[in-house]
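Work through the following exercises with the structure in view, and try each task before you read its solution.

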Amino acid sequence: MMFCVKCGVEATTFDGLCMDCFLDGKQLASLPRYVDLERCASCEEFHVGHQWLRKETEEAAKDAAENKLAVIPGMRVISVGMLVTEQDERNFQVNVDVEGELSGNIVTALADTVVRIKNNVCQRCSRQLGNYYEATLQIRSGTKELSDNIRDETVRYVRDRIENMGSVNRQIFLTKVEEVQGGVDMLLSSISLGKALAKELADMYGAETKEAAKLIGKTNDGNDMYRLTYLVRMPEYHLGDVVIHNGRPYKLTGISKGNGRLIGLQDLHETSIRRSDMHSLKVHTKKSDLMKATVVSRSEGEAQILHPLNYSTIDIRVPADAVIGDSVDVADVDDTIFFVP
Ligand SMILES: [Zn+2]
Ligand SMILES: [Zn+2]
């Protein structure tokens, strides 16, 4: 124990002073008068710490203030309370209330600042607006023009995937979708994204892929910089199509990494075919070109439908749950009408 040089009390001293005299008039916590908070003018995310984040404005203002909060050396912060008051849409008063521990004493302190919102553009938006891309995903057909269906379906798939992945990884975005002769090109923010999406599409559609790299320059640190092109060549067949396999009609019901699944139209039995053999499938009727026929009566195991072209009544195999009045998909293969499950 020592005596305080200021008030004379006998106490543990700091710089010769008792705790009360030491704290008297001292600012334990401080904030700059103004704290600037960057907001992306394009996506409206906030730059807090070292990253851009989607946040409520008041939450972002609190974080910005807390990042600039300073306390005197030796003080350990226990808790920080904050009150945000909007002055106008760009200026937020933040009052901070700090509780801490200093040499075994619980101390409290107040500080305040005004957080000012400044417009800027985050790196992702500036790259996107500047048409930055590292990879091109080219969707093409193996034979002729890419069908509108497949084009729309793949573009939608890619958009959904990128929206999903982009919500957790800011390096991921879609720069542009361009319809080109024979298909569609999608410009992507990263090479790994292009590689991943090409593989996913290949697995989903039984497509073939090819990649090509092109040197486009040097990075700032002198490394070669490449752009990658991933060509995804869609097969002629598509899920739901009626195809001819070994001379018989089937519906293509599934495609996976290793094989395709077929259901025979003659006996409604399922079978599979190796992916490497799928190139031999001949598309007979695209799913979108299947005809509709109405069930007019039914008997054990069979039903009678109206022939979709000449309206005669014909017997076909239909599923057990088909009822009179149902409209079912049918295909005409060599003048025989088949139910397509
Ligand atoms: Zn004292
Ligand atoms: Zn942005």
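## Exercises on a predicted model

L268 counts as partly exposed, because its relative accessibility is 26%, and the model in which this value was computed is a predicted one.

**Exercise 1. Describe the backbone at L268 and at S103, and say where each residue is found.**

Solution. Begin with the general expectation, which is that most residues other than glycine have a negative phi. L268 is not a glycine, yet its phi is positive, at about 55°. Its place in the chain is the loop between β18 (259-264) and β19 (270-274). Now turn to S103, which is not a glycine either and has a positive phi of about 50°. S103 is found in the loop between β9 (91-102) and β10 (105-120). As a last step, take the accessibility of S103, which is 47% and therefore falls in the partly exposed class, between 20% and 50%.

**Exercise 2. Find the donors of the zinc ion (ligand 1) and work out the geometry of the site.**

Solution. First list the donor atoms, which are the SG atoms of C4, C7, C18 and C21, at 2.3 to 2.4 Å from the zinc ion (ligand 1). Next consider the angles among these four donor atoms, which run from 100 to 118°. Four donors count as tetrahedral if all angles lie between 85 and 135 degrees, and the site of the zinc ion (ligand 1) is accordingly tetrahedral. Then read the donor residues along the sequence, where their spacing is C-x2-C-x10-C-x2-C. C4 lies in the loop between β1 (2-3) and β2 (10-11), while C18 lies in the loop between β2 and α1 (19-23), so this pair ties together parts that are 14 residues apart in sequence. Finally, check the surroundings of the pair: C4 is buried at 4% relative accessibility, and C18 is buried at 6%.

**Exercise 3. Carry out the analysis for the zinc ion (ligand 2), and say which parts of the chain C43 and C125 tie together.**

Solution. The protein donors here are the SG atoms of C40, C43, C122 and C125, which lie 2.2 to 2.3 Å from the zinc ion (ligand 2). Because the angles that the four donor atoms subtend are 103 to 115°, the arrangement is tetrahedral. The spacing of the donor residues in sequence is C-x2-C-x78-C-x2-C. C43 belongs to the loop between β4 (34-40) and β5 (46-48), and C125 to helix α3 (residues 123-129), so the pair ties together parts that are 82 residues apart in sequence. C43 is buried, with a relative accessible area of 13%, and C125 is buried as well, at 5%.

**Exercise 4. How many disulfides does the model contain?**

Solution. The test asks for a pair of cysteine sulfur atoms within 2.5 Å, and the count by this rule is zero disulfides.

**Exercise 5. Give the strand order of the open sheet of five strands, and explain what is special about its edges.**

Solution. The order is β23-β22-β21-β24-β25, and the pairing is antiparallel. β23 (313-317) and β25 (336-339) stand at the edges with a single partner strand each, so one side of each is left without a neighbour in the sheet. Neighbouring strands of this sheet are turned against each other by 50° on average, direction ignored. For one pairing in detail, take β21 (residues 291-299) and β24 (residues 327-333), which pair in the antiparallel sense over four bridges. A293 has V328, in β24, as its bridge partner.

Note on methods: Residues are numbered from 1 along each chain as its sequence is written. Chains are lettered from A and ligands numbered from 1 in the order in which they are written. This is a predicted model: local features need pLDDT of at least 70, side-chain atom pairs count only at pLDDT 80 or more; totals for chains, interfaces and linings use all residues. Side-chain values use heavy atoms; hydrogens and water are left out. Donors are N, O and S atoms within 2.8 Å of the metal (3.2 Å for Na, K and Ca); water is not among the atoms, so sites may look incomplete. Four donors count as tetrahedral if all angles lie between 85 and 135 degrees; four count as square planar and six as octahedral if opposite donors are over 155 degrees apart and all others between 65 and 115; anything else is irregular. Helices (H or I, at least four residues) and strands (E, at least two) are DSSP runs, numbered from the N terminus. Buried means under 20% relative accessible area, exposed over 50%, partly exposed in between (1.4 Å probe, protein chains only). Two strands pair if DSSP finds at least two bridges between them. Axes are lines fitted to C-alpha atoms, for helices over the stretch in contact, and angles run from 0 to 180 degrees between N-to-C directions.
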